[in-house]
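Open the model in your viewer and keep the selection box handy. This tour goes from stop to stop, telling you what to select and what you will find there.

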Amino acid sequence: MGQSVNRRVTKKMDQKKVDIQFTLNAQKTSVRIPVEMTALQVIRDVVGFKGSKEGCGIGECGACTIEVDGKAINSCLMCGVQLDGREVLTIEGLEREEGLHPIQETFLEHHAVQCGFCTPGILMSTHALLKENPAPDDEEIRDAVSGNLCRCTGYQQIFSSIKAATPVKDDSFFHTGDAENTLKKSQVFADETSSSMVLNGTKKGENNGEGCHD
Amino acid sequence: MKNEYKIVGKSIRRKGALEKVKGAPVFCADLKLDHPLCLRAVRSQRHHALLKNIDVSKAVKIPGVVAVFTAADIPGINLMGIINKDQPLLAMDKVRSMADPVALVAAQTPEAAALAMSAITVTYEDLPMIFDPEEALAPGAALIHKKGNLLCKRTIQKGDVDKAFKKAHVIIEKTYRTSAIEHTYLEPDAGAGYVDDDGTLVIHASTQNPHYDHKEVVSLLGVTDEKVRIIQAATGGGFGSKLDLNVQGFIGLALYHLKRPVRCVFSREESYLASSKRHPFVIHMKTGADAQGRLVAIKMRAVCNTGAYGSYGIAVASRAAVHGTGPYEIEHVDMACSAVYTNTTFCGAMRGFGAPQIALAHESQMDLLAQALGIDPLSIRLINGLKKGSITATGQTLTESAGFNACLEAVNPYYKDALETWVLSEPSPFIKRGVGLGGMWYGIGNTGVQNPSTAKIEMDRTGRVTLFTGCADIGQGSTTILSQIAGEILGLSPDDVEMVVGDTKYTTSAGATSASRQTYISGNAVKDATDKLVNVLLTQAVNRLKVKKSYLKLSNGTVYDGRNPDKKVTFSWLAQRILDRGGALSWQGYFDPETVPLDLETGEGVPYATYAFACQMACVEVDTLTGEVLVKKIVAAHDVGKAIHPENVIGQICGGIAMGVGFALMEDFVPGKTESMKDYHIPTFKDMPEVIPIIVEDTEPSGPFGAKGVGEPALIPTAPAIVNAISHALGERIYQLPASLERVLEASITAGHFNK
Amino acid sequence: MTEMKYYRPETLEQALDFLDAHGARTEILAGGTDVMVDVRSGVLHKETLLDVSRLAALKKIEMTDAGLCVGSGVTLSEINTSPLIKKYAPALGKCSETFASRQIRNIATIGGNVAHASPCGDTIPPLVIHEARAVVANQNGVKEISMDAIAAGAYQSALAAGDIIVKFILKPREAGFADFQKIARRRALAISRMTMAVMADKDEAGKICFVRFSLGACTPTPHRMDAVESFLMGQNPTHELLRGAGTLLAEKMVEITGRRSSIIYKEPAVQGLFMRMMYPMVGWCEK
């Protein structure tokens, strides 16, 4: 495989890169990335999980919300290298082997989804909220989701969905990011950047998943 | 709300929602492509200038840059426009705003593209800049377009307003202003494309109208229809701005020349700079009423700033003129609305097409008249509300489905209660509570023009049904409700209605997802197609079951005798029979609302076949010390004819209200100053009121199962209701949107609340 | 892309050593909420990002003899849930409730908010009323800088290349009355147009025996309003007194900002917000 000729010809090929390792949706993940890369770009472009979205790139909309060590954060504002050693949960990791996560179910039940672009971010904010407080009151729900903009729904059905999922009584509701906890395998591939990715010890291109377009 | 149907009228799980809660839908920024080139538009550095030269020689030499295109590279007609074609894809002889694209860069990486953009040198010869429509209309003003700075003027004249005003008991004459608004859909404009094995240019686009995109790209490239395929990708909202070509032309051009995969994704900043905006309006309105509160005359002069290009400006001006009376019967009418070119970002379709702006005026006028006459705001609306038999400003008699008064009656108990109890209790000595009403009407479909929809339904040999529609679902849920309509007629669960949506290779045009038209128009087209299919099935079933057609029913993939359900035959049996005998199981449906074009001077005609109506009540708390306004509750009664999917309707109402809260209080797009989401505010969860939605169903016989529409109606009454509520709270009125901190505090000070 | 390098020191000493050698070419990275925005817009021209987000030395909230110490690396969320801050610096706790969004609070740090020196930095007025000193370390040792001195101007902190804020030392107080309020264009994710922080206590007669007040966001740098404090001291907090104090506050603000177009709103609004925030004190003498 190797580096394709048409990549990064604008700069020196030995661009500064950092090796990091983190747990992503319960899978140990290793990547080598430039320092300028945001966590969102790492997840979307290097790992290839497209569920987290870029709505603004400056932390003003929440569409990029992921969970890092149990906390909801704007992945467009986090330096990618800071994912090192963290437990990261993205929308792709919410679903379980046995089916949808309870909040995914309530969102469907209560019609909280229209265009769907803000949905992953809102689900992640909700999951992080309920992890910290399984029985939030209305104010706290509002506070937790106020960093996620939605232009379609007006938030009301989203609110009903979250209320319907609380109080959370079942511990298995929360993903712990435990590596033992197997989750659905997702497509991974390295995208247009020249960053490389190592997943579970296999090198990019070495028969480790669909979609590597070399 | 009674519902006699099995599938229609039920809030089933939306098609596509499951994928969305998993984060699975593929938006154009997500689409997997093989080393796609990054496309970036180089935009004008001048507001208004002649384009003397573009020097791309340095840019093309930059490593990683594959091509730089200018107008000379456009093989077809370099003009686009959804109504009139006045907008070049790439600037030819001049630029008319800072958003105008002058060149298109195709590069291997975003970094190379950025370097190329900086290396392009453009020589301009400045022309006088015009930002204000009044200036643009002044004699001797520099011409932005050769044909002049007036895009259009829509006039409506009925009766004799001058005479009627002389007899009026009270006259209110005021000026209202609204600002430009940015759609702020969560997904920035995006598209991606590649060349298929057979040479077809395939463009995936975040769009509201794939078939229009197709026509426009074919025209730009000067190729045959088959050469281009537009696929509507997962689309993260549009609200009118994804009706114009944002990225599709760029992608088509690059594919045409380079024949390799490309992607064009706007940053939020570029979306703010370059995509269309809501037209800002200046509205002079004069309304007269008799002593009993009956409106007798209305005169309106409105000017909207359409920016550098026309886009939907003609539609906005038309709609504003037609809707200017509000949902009220007024005998004498003199309306004029002009759309004017200026050197700002072009304005186009934005949820409501001028109706939300005009509603600020007509609803404020109603409250002012009520106050002058000593009548309460609800009563004056009841007195004048349009109903069956009313005649509109364009001389159209409303023969059906005019549920405005029903909406007022639905809101009435909440209104009384709010006035009698809520408003009187003060949460703090500095908070003033107010309650306000907003009424609206909204014509479904495009104004006085043909805007048909088509659809196709097919059954295969096994009895499986597929519905083909060009109707773009941008989150409002059209795919679901169209499957419900087909499902209801066929007796099939919507899960068993396979949908092929928004792919110009397979679907035919459903018209744009705009003007709240898809439920009514595409719904009817789907109904038409499905009825035809069912007719064929029933005819064959009669043959088999030996029972009169009128006794036959459909359910669960069978046709059966309604009097004796065991007597039945399956779809698959019927399908095979029909096909073996050379029959047809593929049926095209069509619907075009019955309209009559408006007379160019008097505006007389039938602009729409049906209208939605609504009334909203807003409860607000005004902080008299700081100018902050909190909308506590909105009760929203909407006559939608028939709610095919009630929760979808509620979703539209809540979403529209959110947009209305933003329009009323915090959204103000200032071209040249508003750059990103840091300086443009749409409501967050904490800014939302509690919404009590009330669905009113005044059946529209010409609608599918009686349905009309709700997408835009949801937003139109909100800002007027809030402004009326603020006025009620303070005793001082605001005539300009947004009712910002500054304006509300000023009103509070003027009203004497500040120094208490 | 600027091809930056990254270094994550394990201890504060390592961080200081690095800054000693490379300070001028280094950008300190804590939460990243300001830094990554600058990276994206291409205005950051530094060689290395120095990641201090995991330095334990910067993450402590503790009471010492010097005062209430809040590490520069403490996040706004941590401030929000800290019992020590709730008790001894409640205005700081309050400002964390309305700061940006939960996602941003989870990574944004108090040190970053101060070092960025935005006029709208919400943490600054509460720090000012607690007479906070920033403990700043560099190659020459450790110095303490007052909040007045740390903000040299809008977006210009007095920090030099090679400096790092280690912690803030606040004068703790279990004030009888403390608050932080802001005006913004919406109720979340909004840059403050005006902020205020106050703490006050009353004597047995109900008169104000202690008061600290700071104004923020509407002036280029934060200000502790001594004149307003003096006006209030020893007085019975009546409605009229507060109105008088508000008028004085507005005068002082205009002295700083001059009469620009935004003053049409700010002049009454500062009085309005002041009244709204201080109003709970009215009736102290009657109770």
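Start by selecting residues 190-195 and 201-205 of chain B, which are strand 9 and strand 10. These two strands pair in the antiparallel sense over five bridges. Here helices (H or I, at least four residues) and strands (E, at least two) are DSSP runs, numbered from the N terminus, and two strands pair if DSSP finds at least two bridges between them. Click Gly191(B) next: its bridge partner in strand 10 is Ala205(B).

A word on the ground rules: this is a predicted model, in which local features need pLDDT of at least 70 and side-chain atom pairs count only at pLDDT 80 or more, while totals for chains, interfaces and linings use all residues. Residues are numbered from 1 along each chain as its sequence is written, chains are lettered from A and ligands numbered from 1 in the order in which they are written, and side-chain values use heavy atoms, with hydrogens and water left out.

Now widen the view to the sheet in chain B. Seven strands form an open sheet with mixed pairing, in the order 3-5-1-12-9-10-11. Its edges are strand 3 (65-69) and strand 11 (228-232) of chain B, each paired on one side only. On average, neighbouring strands of this sheet are turned by 20° against each other, direction ignored. (Axes are lines fitted to C-alpha atoms, for helices over the stretch in contact, and angles run from 0 to 180 degrees between N-to-C directions.)

Add residues 210-221 of chain B, helix 6, which packs on the sheet and touches strand 10 and strand 11 of chain B; contact means heavy atoms within 4.5 Å. The direction of helix 6 makes about 150° with that of strand 11 of chain B. Then add helix 7 (residues 248-258) of chain B, which also packs on the sheet. Among the strands that helix 7 touches are strand 1 (37-43), strand 5 (101-107) and strand 12 (262-265) of chain B. Its direction makes about 155° with that of strand 10 of chain B.

Next, jump to residues 741-750 of chain B, helix 18. Which residues of helix 18 are buried? They are Leu741(B), Val744(B), Leu745(B), Ala747(B) and Ser748(B), where buried means under 20% relative accessible area, exposed over 50%, and partly exposed in between (1.4 Å probe, protein chains only). These buried residues cover an arc of only 160° around the axis, which puts them on the same side of helix 18 of chain B; the arc is that of the directions from the helix axis to the C-beta atoms. On the other side, Glu746(B) and Thr750(B) are exposed.

Show chain C as well, and look at what the buried residues of helix 18 pack against: strand 24 (611-623), strand 25 (629-639) and helix 17 (718-730) of chain B, together with strand 11 (177-183) and helix 12 (263-278) of chain C. Just past helix 18, Gly752(B) has a positive phi, near 85°.

For the last close-up, select residues 39-47 of chain A, helix 1. Seven of its nine residues are buried, including Leu40(A), Ile43(A) and Arg44(A). Gly48(A), just after this helix, takes a positive phi of about 95°.

Finally, zoom out. Chain B holds 18 helices and 26 strands, and 66% of its 756 residues count as buried. In chain C there are twelve helices and 14 strands, and 58% of its 287 residues count as buried.
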